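I open this notebook to record, entry by entry, what I looked up in the structure. The topics are charged side chains, their pairings and enclosed space.

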Amino acid sequence: MPADFDTPLYSLQNVRLTFGVHPVFTGLDLFIKKGDKTCLIGRNGSGKSTLLKVIAGVIEPDEGEKFIQPGTKIAYMAQESDFSEYATLRDAVIAGLRDSADTYKADILIDKLGLAAEQNPKSASGGERKKAALAQALAGEPDILLLDEPTNHLDITTIEKLEKTVKDFTGAVIVISHDRAFLKSVSTSTIWLDRGKTHAQDKGYEAFEEWQDKILTAEEVEQSRLAQRIERETQWLHKGVTARRKRNMGRLRRLQELRQQRKDQIKQTGSVELAIDKGAILSKLVIEAKHLEKSFNGRPLIKDFSFRLMRGNKIGIVGPNGAGKTTLIKVLTGRIPPDSGTVRLMKNLEEAYFDQNRMTLDPNKTLRETLCPDGGDTVFVRGTPRHIMSYLKDFLFSPTQADTPVAALSGGEKNRLVLAQTLAKPSNFLVLDEPTNDLDMDTLDLLQDALMNYDGTVLIVSHDRDFLDNVATSLLYMNGDGSIVEHVGTYTDLLEKLKEREKTAVKSADKQPKVQREKPQQPARLSFKNKRLLEILPAEVEALEKQIAVLEEKLADPNFYMQNPALFAQTTADLERLKTEKDEKESLWLEIADSV
């Protein structure tokens with residue numbers, strides 16, 4: 001008999017799971033019903049991904065009862081999928097079908113998600129692989145769909161398609177995501193995984209923070225009633241959560257002030273007859289770009305773009321994948337030259353670049369050694385001394401973790417450490433290329449607070465609506481045809497305006513006299529040259545990375561300069577040349593991959 005909406009498709013009761021000597025879950029209960037759209041919330045390292053693997057059957061718990069309705073099919077989409085055995089992304093999608101003969105079902109999903117199906121997974125972009133993983137999970141028509149960070153690497157258009165797919169899905173969905181806007185849109189219930197136990201409520205993420213406050217407050221009251229000392233961790237969590245709410249109000253007021261300042265700057269610098277002191281503008285000018293043009297293989301990415309970035313601005317760069325966002329950042333920061341036009345950078349510009357996917361940490365070093373490489377207990381945060389214990393606490397590390405090796409940290413903790421390391425560096429200019437991928441919500445809050453308190457200038461590439469709504473003073477929107485427009489306001493408002501413009505254009509087209517419609521534009525086909533580049537560029541980038549690592553190791557030797565100053569200088573020059581070459585090849589690879 002088919003299950004009704006009140007009968008659980010799946011349940012876990014009193015489950016225990018231990019890795020080594022540390023319990024991940026103790027006394028964990030979970031119930032999944034048909035139609036549930038559940039967001040799974042918890043601090044990074046709390047065991048969210050592990051819980052999805054338990055539900056999927058990838059990991060078996062040590063103790064507890066598990067129940068699955070007979071015939072229930074579960075599909076699991078991991079954060080990173082291994083497609084190495086497939087020749088094309090279409091083959092990966094077909095592998096998810098219950099019946100391999102039903103290839104039309106795979107093609108429907110491929111068309112729905114706009115997947116570049118014939119791409120080789122090895123050369124496909126992160127966004128295309130993510131879409132293929134989603135299509136593979138949906139292809140088998142599961143009863144329970146488990147999604148671990150599904151929005152990573154996706155542009156806003158694909159995220160909106162994913163939102164509709166999840167809402168229309170008739171089975172149960174459990175999703176882990178740091179994208180608050182996505183969770184608010186799709187979730188109708190919440191499971192909070194906290195210190196090995198679950199809390200559940202029949203409301204979506206919109207109601208999570210208020211509910212979380214109530215639970216933590218109730219814990220404090222209960223502990224006090226029993227005349228016991230409040231757990232340090234609970235007290236720390238609660239104070240952090242409460243303080244975050246208070247900070248958010250002040251942060252919002254400050255952001256509104258900065259947006260008004262940006263509007264005034266655009267009016268001033270956009271006028272031919274400047275009514276203000278030019279010297280005042282020049283003293284605050286970080287980047288001045290005039291009539292920039294940049295194309296790849298005849299495809300315009302930047303067309304006649306002029307822009308002035310003033311000190312203190314926090315500019316978000318948004319647009320569909322393949323529009324050229326990373327290219328724009330690299331042109332504006334002087335990493336790659338424009339085809340025409342000029343870029344002028346402020347003198348004494350000290351740049352810090354943050355991308356948690358590219359920065360490396362020494363797994364053998366402790367947190368103390370990572371943040372205090374010269375020894376001692378003092379971290380210099382942009383020149384100001386801070387005690388390491390105080391600085392670690394800012395990034396949600398406990399004092400006992402100071403001497404923990406990096407290798408023992410969870411993925412989210414490593415991201416927080418990279419963030420702490422980057423923001424400590426002397427800088428007046430931050431470049432953030434997709435900083436929100438793989439960050440948990442606590443770390444996102446930290447990053448938002450850090451950026452709002454940062455007195456320098458910031459360029460951010462991101463698809464995260466909530467993050468940009470809370471951080472960016474204005475947005476540069478890249479349409480994909482080379483045009484770039486600036487919007488002062490939130491990303492959410494910009495998306496609404498773009499949708500309204502699209503509706504107006506459709507209505508206008510409907511009023512026009514009927515003419516023979518053009519054939520729908522076929523997906524772009526790669527030239528033989530670009531196909532070849534997609535095959536060879538990954539290996540060339542990897543080879544350059546290895547050469548760079550060798551040179552960096554040489555330069556790290558403190559005796560190298562003393563022994564041979566001339567060779568040291570030559571090695572430094574070679575390193576910069578290789579880094580520039582790697583950046584150019586990496587940009588070309590990403591632009592070609594995203595253009596399909």
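**Entry 1. Asp-194 and Arg-195.** I began with Asp-194, which is buried at a relative accessible area of 10%. I note that the model is a predicted one. I then looked up Arg-195, and this residue counts as partly exposed, with 27% relative accessibility. The two side chains form a salt bridge, with 2.3 Å from N to O. I checked the burial call for Asp-194: its 10% falls in the buried class because that class covers values under 20%.

**Entry 2. Arg-368 and Asp-403.** I next looked up a salt bridge between the side chains of Arg-368 and Asp-403, at 2.9 Å from N to O. This pair connects distant parts of the chain, with the two positions 35 residues apart in numbering. Arg-368 belongs to helix α11, residues 367–371. Asp-403 sits in the loop that runs between α12 (388–394) and α13 (411–424). I recorded Arg-368 as buried, since its relative accessible area is 18%.

**Entry 3. Asp-574 and Arg-577.** I asked myself how far apart Asp-574 and Arg-577 are in helix α19. They are 3 residues apart in this helix, which spans residues 565–594, so about one helical turn separates them. Their side chains meet in a salt bridge of 3.9 Å, N to O. I set this value against the cut-off: the pair counts because a salt bridge needs the nitrogen within 4 Å of the carboxyl oxygen. Asp-574 is partly exposed, having a relative accessible area of 23%. Arg-577 is also listed as partly exposed, at 46% relative accessibility.

**Entry 4. A network and a total.** I found that Asp-102, Lys-105 and Glu-141 are joined into one network by salt bridges that share partners. For the structure as a whole I noted 21 salt bridges. As a general remark, side chains of opposite charge can pair when their charged atoms come close.

**Entry 5. Lys-314.** I looked up which side chain of opposite charge is nearest to Lys-314. It is Asp-455, 7.9 Å away. Lys-314 is buried and yet has no salt bridge. I did find that the Lys-314 side chain reaches the backbone oxygen of Tyr-454, at 3.3 Å. Lys-314 lies in strand β12, which covers residues 314–318.

**Entry 6. Two C-alpha separations.** I turned to Arg-90, found in helix α2, residues 89–94. Arg-90 is partly exposed, with a relative accessible area of 23%. Its C-alpha atom is 9.5 Å from that of Thr-103, and the two residues are 13 apart along the chain. I then returned to Arg-577 in helix α19. The C-alpha atoms of Arg-577 and Ile-548 are 9.6 Å apart, for residues separated by 29 along the chain.

**Entry 7. Enclosed space.** I asked how many cavities of 30 Å³ or more the structure holds. The number is 1. The volume of the largest cavity is about 90 Å³. Its lining comprises 13 residues, and the closest to its centre are Thr-151, His-178, Asn-437, His-463 and Asp-464. By class, I recorded 2 nonpolar, 8 polar and 3 charged residues in the lining of the largest cavity. As general background, rolling a probe the size of a water molecule over the atoms shows where empty space is left.

Notes. Residues are numbered from 1 along each chain as its sequence is written. This is a predicted model: local features need pLDDT of at least 70, side-chain atom pairs count only at pLDDT 80 or more; totals for chains, interfaces and linings use all residues. Side-chain values use heavy atoms; hydrogens and water are left out. On a 1 Å grid over the protein atoms alone, a cavity is a set of points where a 1.4 Å probe fits but cannot get out, and a pocket is an open set with protein on both sides within 12 Å along at least five of seven lines; lining residues have an atom within 4 Å of a point. Grid points are joined across faces, edges and corners, and a volume is the space filled by probe spheres set on the points. Ala, Val, Leu, Ile, Met, Phe, Trp, Tyr, Cys and Pro count as nonpolar, Asp, Glu, Lys and Arg as charged, and the others, Gly among them, as polar. Buried means under 20% relative accessible area, exposed over 50%, partly exposed in between (1.4 Å probe, protein chains only). Helices (H or I, at least four residues) and strands (E, at least two) are DSSP runs, numbered from the N terminus. Lys and Arg count as positive and Asp and Glu as negative; His and the chain ends are not counted. A polar contact is a pair of N or O atoms within 3.5 Å; within protein, one must be able to donate a hydrogen and the other to accept it, and residues adjacent in sequence count only if both atoms are side-chain atoms.
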